[in-house]
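Below is a report on a two-part question: how do the pieces of this structure meet, and which charged pairs hold places in it? The structure comes first, then the report.

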Protein chains: 2
Amino acid sequence: MATQTEKPSNYYDIVIVGAGPVGLMLSTCLARWGYKIKHIDNRAEPTPTGRADGVQPRSLDLLRNMGLKSAIMAYKPARVYEVAFWDPPKTGNAGIVRTGTWASCPSFIDARYPFTTLLHQGMIERVFIADLEKNGVQVQRPWTITGFTSDEKVNPEYPVEVQIEHVDGTGSENIRAKYLFGGEGARSFIRDQLKIGITHKDPIAYVWGVMDGVVRTDFPDIKMKCTIHSEQGSIMVIPREDNMVRLYIQIASSTDADFNPRKTATIEEVQASAKRILQPYTIEWERVEWYSVYPIGQGISDKYTLDHRVFLGGDACHTHSPKAGQGMNTAFLDALNLAWKLHAVESGFASRSLLETYEPERKEVAETLLDFDNKYARLFSQRATSDVAAVTAATADVPTGNAPEEENEFIKMFKSSCEFTSGYGVFYKANALNWSATHPAQSHVVLDAAATRLQPGRLFINANVTRVIDANVVHLEQEVPLNGSFRLFVFGGAPAVSAQALRDLAANMARKGSFYQAYARPDAAAVSHHERHNPHSLFFTVCTVLAAPRSAIEIARDLPALLVRYRENVYADDRWDRRVPDAKAAAHAKMGLDQERGGVAVVRPDGHVGIVVKLEEGSATVDALNAYFGSFCTKKLGGDSAQL
Amino acid sequence: MATQTEKPSNYYDIVIVGAGPVGLMLSTCLARWGYKIKHIDNRAEPTPTGRADGVQPRSLDLLRNMGLKSAIMAYKPARVYEVAFWDPPKTGNAGIVRTGTWASCPSFIDARYPFTTLLHQGMIERVFIADLEKNGVQVQRPWTITGFTSDEKVNPEYPVEVQIEHVDGTGSENIRAKYLFGGEGARSFIRDQLKIGITHKDPIAYVWGVMDGVVRTDFPDIKMKCTIHSEQGSIMVIPREDNMVRLYIQIASSTDADFNPRKTATIEEVQASAKRILQPYTIEWERVEWYSVYPIGQGISDKYTLDHRVFLGGDACHTHSPKAGQGMNTAFLDALNLAWKLHAVESGFASRSLLETYEPERKEVAETLLDFDNKYARLFSQRATSDVAAVTAATADVPTGNAPEEENEFIKMFKSSCEFTSGYGVFYKANALNWSATHPAQSHVVLDAAATRLQPGRLFINANVTRVIDANVVHLEQEVPLNGSFRLFVFGGAPAVSAQALRDLAANMARKGSFYQAYARPDAAAVSHHERHNPHSLFFTVCTVLAAPRSAIEIARDLPALLVRYRENVYADDRWDRRVPDAKAAAHAKMGLDQERGGVAVVRPDGHVGIVVKLEEGSATVDALNAYFGSFCTKKLGGDSAQL
């Protein structure tokens with residue numbers, strides 16, 4: 001795909017600066033897909049202690065989809081299922097009392113892993129680095145970027161020239177690349193060079209202290225995430241691996257009369273403060289692993305790229321308080337969003353204009369994050385016990401996923417907050433990738449947001465199904481690994497009803513000029529019969545789900561040859577699901593698709609839904625998909641029949 | 001516990017011969033518990049290919065309990081959820097047709113992992129070897145045993161003398177040990193030296209061919225476990241990791257007129273035979289990884305030990321057909337059974353007579369296995385389609401665990417077979433460890449088999465609960481790792497009802513001379529407050545489960561200090577369970593315990609239930625436990641109050 005056999009050795013597909021979460025996610029994806037990468041970091045080694053540590057539920061899904069989850073879990077991270085709130089007692093007495101707890105990912109969110117995973121960033125970095133090394137990429141350390149230019153007129157294929165050097169000046173390199181990525185954190189050299197400004201959503205700046213250590217305490221919630229407000233100040237408690245606990249404490253705010261962003265506090269001062277806040281409970285430190293004080297404000301980069309050759313992501317684009325544990329997760333998703341789009345463009349599948357969707361999709365999320373960060377702070381500091389109790393009651397284990405009857409504004413905000421922080425609330429607005437009423441693909445077969453639960457721009461919905469070929473019960477949404485391909489989920493409904501529609505789907509997909517055929521593998525004839533996900537095309541993986549018990553399905557008999565080729569991706573929708581207890585075909589029901597006639601969902605390589613169409617006899621289904629892909633692909637698709 | 005600081009360097013706690021599954025499980029357990037081990041194997045390296053490959057559901061629980069499951073799963077083993085049966089068509093036509101499938105671990109078995117995990121033995125060995133090395137034990141290879149004697153008169157503490165040497169004769173050692181274990185497989189040198197005979201349950205011997213390889217076929221069930229009978233012969237298909245498949249084929253039987261145990265077949269002959277059997281489907285080999293032909297009969301060792309110093313386990317004790325995938329699992333459980341008993345005796349907890357329970361407990365299982373092996377063969381070869389259909393219908397997803405109404409003999413046998421092969425059916429008969437009406441501990445508080453679902457000698461029952469301290473949803477049965485300790489599960493019922501009973505339980509456990517206090521850690525005062533499972537005693541870990549929502553439980557308020565110390569092992573029984581959908585406290589309900597008043601279950605270190613007693617106010621509960629432990633412990637327990 002991206003081999004550079006005839007290029008000079010200093011030509012790379014991409015130069016990635018910074019080996020924190022955003023840089024590592026980007027380089028891990030691109031390395032797996034065969035790109036030539038120069039990845040540098042100005043630190044001599046991965047983060048030894050401290051820094052970010054929260055992996056949200058949706059990020060854990062992503063790590064699993066990459067096959068990295070078990071390596072993360074092998075470090076035995078702490079898992080936060082609930083958050084506890086501690087406040088001064090209403091009696092006016094001294095001390096603190098627990099005023100409530102709530103789930104960090106309540107059951108109304110259909111999460112596989114309804115908890116936050118807490119592990120220090122260095123361990124997570126090492127998991128990525130090990131994977132990179134398997135794919136032949138070494139992070140070059142401690143090296144730094146000293147300059148770059150980007151000009152397609154000088155070199156249309158490799159327009160970026162980058163100068164890097166060893167931090168002690170003992171070596172330097174000059175590199176040509178197709179792309180440059182700045183994942184250097186808040187003080188991005190690349191962003192500064194591009195003269196991209198930062199907009200501060202909230203003018204207030206803060207100084208935070210953060211301390212990781214092992215404590216001895218009788219405070220009962222030391223293994224929980226806690227927000228503690230007392231007359232003596234406020235802290236946040238976050239449990240960690242290896243019996244550690246992290247304390248966040250606010251040291252100064254620009255709202256203080258004597259605010260000084262350089263204000264600091266010693267370890268002893270923070271510990272003394274924590275002791276006062278936790279009274280009547282006691283706390284003693286057995287060990288401090290890491291302590292840091294840093295000023296932080298809410299800021300968002302005005303642009304993520306100027307020319308779609310030099311990109312920014314992660315903390316280089318957005319800074320905010322550490323409270324909600326969103327930093328690493330947002331960084332992962334920035335990188336994922338960019339990675340597959342670079343791949344789609346560089347492999348000749350998508351038009352270069354696809355890259356223009358990176359900034360709006362991800363900047364919108366960052367803005368939501370900053371809004372949320374503000375609200376979250378207010379929520380934590382102002383809500384009273386009764387509200388917390390109301391939330392707890394209203395969001396208690398709801399088996400069928402029905403909304404509770406009484407849903408006040410506060411609960412609504414709580415719910416959307418939970419959705420957002422879990423990562424499941426992230427959604428991308430309408431564009432060429434995310435179908436809407438204004439999308440060029442218009443057809444009676446397109447299912448709009450009201451017609452199905454699968455929503456363009458939102459994540460695909462989880463479902464258990466039985467893989468037909470080996471009777472394994474599997475998580476449908478995890479069946480296609482992060483391979484850079486679009487995922488076609490063909491929900492076949494009842495085989496007796498949909499047989500002709502399935503044949504027509506396959507026949508039209510196989511037609512010359514269809515989205516599927518236009519991007520067929522040139523080496524298709526030589527592909528091993530063991531190839532599971534990309535037998536025909538590197539850009540598509542197809543899964544078929546039939547609303548029938550496994551034992552009633554005979555793949556070779558019930559499906560057309562194109563789908564039979566994906567024999568390891570054929571599923572029986574025959575698993576009971578507590579969220580749709582009365583459904584005959586639970587996965588169909590969860591997706592909001594007709595259990596008899598099914599439907600086809602196109603899911604982007606990053607797991608977000610692109611378009612959902614009816615599974616109809618004739619060519620309309622594939623015509624609509626041709627029009628959808630035609631809106632961002634390099635080739636004219638579908639011929640006459642695509643003119644809807 | 002077992003340090004040897006003043007002993008000569010050639011003194012060991014145990015010499016283990018053979019580094020297959022039985023030897024590795026034994027040595028891994030004992031190494032973790034601090035014993036000095038000499039472990040030898042006459043092969044130069046772990047099994048490179050082939051051999052045993054089936055890990056049954058209960059074994060996977062065990063591996064998880066040891067923290068080894070993820071390392072096994074990292075090899076991406078195949079998972080068998082269902083078995084398919086193929087027979088000649090009833091029409092009398094040539095070829096084969098699928099006559100039915102059934103679950104290998106149907107839903108009436110409450111398994112966490114309802115599938116067989118298939119992975120070649122060498123990978124499993126490597127996981128154990130890596131763990132051993134963490135604990136300082138290296139398997140010494142290729143070394144073999146050349147002789148041994150055992151005489152307590154010569155040396156009462158180290159009665160066993162063992163001679164070992166390098167297989168090429170370049171080195172030899174003379175060792176003194178407390179124990180010698182023979183895990184050398186069917187041709188055990190140690191068994192032969194002890195002149196222990198083999199009893200053949202079934203006089204018929206077979207010659208089997210087994211082939212691992214990668215195939216290309218249109219046979220639809222190649223990823224399933226299949227039993228295929230055709231006019232051309234019979235084979236068994238077992239899927240494997242890395243797209244491999246294993247074929248078992250019977251080459252000769254002593255019932256053949258011209259039987260010769262040395263009869264063999266070439267790879268090409270077996271492949272040609274498989275091709276004939278699979279018709280009308282085609283099969284071609286892309287690669288053969290391993291091929292072996294071996295004669296096997298059903299045999300069981302007459303004794304597992306003569307003097308309780310030299311023990312046998314695994315294939316040295318029992319041989320049978322490979323069909324049901326039981327070999328490795330039975331080996332694991334032989335070793336586990338012996339390991340904790342050796343530990344209990346050597347650490348001064350249990351009387352030496354405890355070792356006398358190893359042979360009867362494990363030999364009974366081996367006998368059941370051989371009976372089963374016979375029945376299984378008949379079942380596979382004789383059952384007709386209608387029976388298979390009946391089984392499928394009768395055992396289809398039964399949410400509440402109720403028995404189907406019509407349950408004929410065949411279904412009963414099928415069910416007990418599934419239970420047995422999954423490992424959940426293994427049970428140990430009444431003895432000092434497994435309470436019965438004839439046990440010395442007799443009290444009105446003991447719950448007999450009719451009064452609870454927890455049955456002495458059977459495995460503890462799975463349940464989801466919420467850990468109070470951090471709100472993590474956990475698998476109760478996995479909360480205590482394989483630490484050699486007895487597990488006390490205190491089901492506290494409703495806190496308001498049981499408060500006094502819990503206080504009395506703790507007070508009587510803390511009394512001088514109680515089972516708990518008599519085996520207190522001498523270093524208890526110096527134990528870290530982070531010690532989770534053994535704060536007071538190395539022989540007991542206590543878990544408390546309250547029938548209340550997590551948010552209503554305040555550990556320090558609701559429990560007596562002894563149980564508070566196990567703050568990380570306190571659980572809320574507040575998770576819904578599909579098997580007891582109407583229960584308020586599902587874990588209590590699944591155990592068959594009163595949801596208001598609870599009960600106490602003593603679980604052996606190997607996960608089998610020992611005794612179940614009521615949680616009653618006063619001393620009767622602890623008195624009964626004193627009497628139970630007093631029947632096999634080294635100390636007189638409970639004083640006067642233990643005389644029931």
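## Chain B against chain A

Six salt bridges run between chain B and chain A. A salt bridge here is a side-chain nitrogen of Lys or Arg within 4 Å of a carboxyl oxygen of Asp or Glu. One pair is Arg550(A) with Glu82(B), whose closest N and O atoms are 2.9 Å apart. The rule also finds 10 residue pairs in polar contact across this interface, both residues at pLDDT 80 or more. A polar contact is a pair of N or O atoms within 3.5 Å; within protein, one must be able to donate a hydrogen and the other to accept it, and residues adjacent in sequence count only if both atoms are side-chain atoms.

On the side of chain B that touches chain A, strand 6 (97-103) and strand 13 (205-217) of chain B each supply at least two residues. Strand 13 of chain B gives the largest share, three residues. By class, that side of chain B holds nine nonpolar, five polar and 11 charged residues. Ala, Val, Leu, Ile, Met, Phe, Trp, Tyr, Cys and Pro count as nonpolar, Asp, Glu, Lys and Arg as charged, and the others, Gly among them, as polar. In total, 25 residues of chain B are in contact (heavy atoms within 4.5 Å) with 25 residues of chain A. The two chains bury about 2,600 Å² between them, and carbon and sulfur atoms give 48% of that. Buried area is the accessible area (1.4 Å probe) that two parts lose on being put together, summed over both.

## Basis of the model

This is a predicted model: local features need pLDDT of at least 70, side-chain atom pairs count only at pLDDT 80 or more, and totals for chains, interfaces and linings use all residues. Residues are numbered from 1 along each chain as its sequence is written, chains are lettered from A and ligands numbered from 1 in the order in which they are written, and side-chain values use heavy atoms, with hydrogens and water left out.

## Domains 1 and 2 of chain A

The domain assignment of chain A gives domain 1 (11-74 + 120-197 + 300-355), domain 2 (206-296) and domain 3 (464-630). Such bounds come from an automatic or database domain assignment. The C-alpha centres of domain 1 and domain 2 of chain A lie 31 Å apart. Here 13 residues of domain 1 of chain A are in contact with 12 residues of domain 2 of chain A.

These two domains of chain A bury about 1,100 Å² between them, 58% of it on carbon and sulfur atoms. On the domain 1 side, Asp53(A), Pro322(A) and Lys323(A) lose the most area to domain 2 of chain A, together 46% of what that side buries. The rule finds zero salt bridges across this interface of chain A. Residue pairs in polar contact, both at pLDDT 80 or more, also count zero between domain 1 and domain 2 of chain A. The domain 1 side of chain A that touches domain 2 divides into four nonpolar, six polar and three charged residues.

## Salt bridges within chains

Over all chains, the whole structure holds 77 salt bridges. Arg467(B) pairs with Asp470(B), the closest N and O atoms being 2.6 Å apart. Both Arg467(B) and Asp470(B) are buried, meaning under 20% relative accessible area, with exposed over 50% and partly exposed in between (1.4 Å probe, protein chains only). Arg287(B) and Glu289(B) also meet in a salt bridge (3.6 Å, N to O). Arg287(B) is partly exposed at 39% relative accessibility, and Glu289(B) is partly exposed at 26%.

A salt bridge at 3.1 Å, N to O, joins Asp577(B) and Lys590(B). The pair links distant parts of the chain, 13 residues apart: Asp577(B) lies in the loop between strand 25 (570-572) and helix 15 (586-591) of chain B, and Lys590(B) in helix 15 of chain B. Asp577(B) and Lys590(B) are both buried. In chain A, salt bridges that share partners join Asp13(A), Lys178(A), Glu346(A) and Arg352(A) into one network.

## Helix 16 of chain B

Helix 16 (residues 620-630) of chain B is mostly covered, with 10 of its 11 residues buried. Helices (H or I, at least four residues) and strands (E, at least two) are DSSP runs, numbered from the N terminus. Among the buried residues are Val622(B), Leu625(B), Tyr628(B) and Phe629(B). The cover includes helix 11 (495-509), strand 24 (540-546) and strand 26 (599-603) of chain B.
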